[in-house]
Amino acid sequence: MRSFDGLRLVTVVGVAAVCACAAVTGLSDYELVDDPDAGVVGEGGASSSGAASSSGDVATPIDPSSYVRAKCALQKRCLPDRFRAYFADDAACEGDARTDLEPATTQAQYDACASKLASATCAQRERDFAECDFDPPGTLPDDAGCSRNGQCASGRCKRDPGVDCGKCAERLALGAECTGGLECQDDLYCASATKTCTKYGGQNASCTFGDGSCAADHNCVGNKCLKTVGIGEACTGSFPSSCRSNLSCVDGKCVEDGYATNVGDTCGFQSGGKYVQCVRLHCPLSSPQCLEYGKQGDACDNSDFTKAPCGSGLACTDGTCAPRVTPPPPPVCPP
């Protein structure tokens, strides 16, 4: 699935959402996809469902160490300021990475991804490598019953509005009518203006900030799609800029974002164009000073952007931060 390079640049609401996500893990540009339906995580991130073979022999435990070491080494090498802001040492980073592992990942996948990350340049990210796509693919063929896209080999579960179950179907081709989501093929998006599957815009293609029309590794800057660039490279714009995520365009060159670590520290865009992130804290849009996330029992209001949202594992329920309710499992649909 396609994702934007400049995560905090998608929409105004997206700014708050992404800042909150980055503050929780400290690995925003290297996050894994967490699928609660994939299985139960056992010791060391391995799936507990694969502990023994059908013959009764104990299977070799899956060890993600090569992957988490390579993941943290890449961030330490390419974003040293961010690494120091979030982690006391390598072990702290590796421990953080182990909390967000995809349980269905095999040893071969971990090792293959680790090899790619070890040789990656600072212009590359984890999601640039197919070897690092740990999201388990769907297995259901077209016309099989489904309730969500991830069940289907095509990646598309065609459902009528308000109906739980549908049928797996092919992704839509260029020019086909669409309603949104993941209906279109990977190199296409559903254009909101025409409701048709449309090609993503490449370098200098026209765009509107927040419309999602630019190709991967491009940002919409001054109504043009511009390929994102890395640290030390020439850039343009400020919000958004042509720099990759976690970088700011200052005096025409991409530099690392700044990092604020204390409640009350100034955050957000500063004079000169540098962006300051809050470390494990929230930076509100309207009053840019780092705030603590809401704790259980705290008052909350998701429509008030001067306040911090509820912390990890909590949701704003009837004006109070309360434990997030686990969603019910997807329905079992007829074949």
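Modeller: A disulfide is a pair of cysteine sulfur atoms within 2.5 Å. The model under discussion is a predicted one.

Biologist: What makes cysteine 178 and cysteine 190 a disulfide?

Modeller: Their sulfur atoms lie 2.1 Å apart, and the cut-off is 2.5 Å, so the pair qualifies. The link is right-handed, with 100° about the S-S bond. Cysteine 178 sits in the loop between β3 (166–168) and β4 (188–190), and cysteine 190 in strand β4, twelve residues apart.

Biologist: Why is cysteine 190 called buried?

Modeller: Its relative accessible area is 16%, and buried means under 20%, so the term applies to cysteine 190. Cysteine 178 also counts as buried, at 5%.

Biologist: Why is phenylalanine 239 called partly exposed?

Modeller: Phenylalanine 239 has a relative accessible area of 38%. Buried requires under 20% and exposed over 50%, so 38% falls in between. This residue is in the loop between β7 (224–227) and β8 (247–250). Together with Phe209 and Phe269, Phe239 forms a nonpolar surface patch with about 250 Å² of accessible area.

Biologist: How do you know that the side chain of serine 248 makes a polar contact with the side chain of aspartate 257?

Modeller: The two side chains are 2.5 Å apart at this contact, and the limit for a pair of N or O atoms is 3.5 Å, so the distance criterion is met. The serine 248 side chain also reaches the backbone nitrogen of tyrosine 275 at 2.9 Å. Serine 248 belongs to strand β8 and counts as buried, at 2% relative accessibility.

Methods: Residues are numbered from 1 along each chain as its sequence is written. This is a predicted model: local features need pLDDT of at least 70, side-chain atom pairs count only at pLDDT 80 or more; totals for chains, interfaces and linings use all residues. Side-chain values use heavy atoms; hydrogens and water are left out. Patches are made of residues with over 30% relative accessible area and no salt bridge: like charges are joined within 9 Å, nonpolar side chains (Val, Leu, Ile, Met, Phe, Trp, Tyr) within 5 Å. Accessible areas come from the Shrake-Rupley method with a 1.4 Å probe; for residues, only the protein chains shown count as cover. A salt bridge is a side-chain nitrogen of Lys or Arg within 4 Å of a carboxyl oxygen of Asp or Glu. Helices (H or I, at least four residues) and strands (E, at least two) are DSSP runs, numbered from the N terminus. Buried means under 20% relative accessible area, exposed over 50%, partly exposed in between (1.4 Å probe, protein chains only). A polar contact is a pair of N or O atoms within 3.5 Å; within protein, one must be able to donate a hydrogen and the other to accept it, and residues adjacent in sequence count only if both atoms are side-chain atoms.
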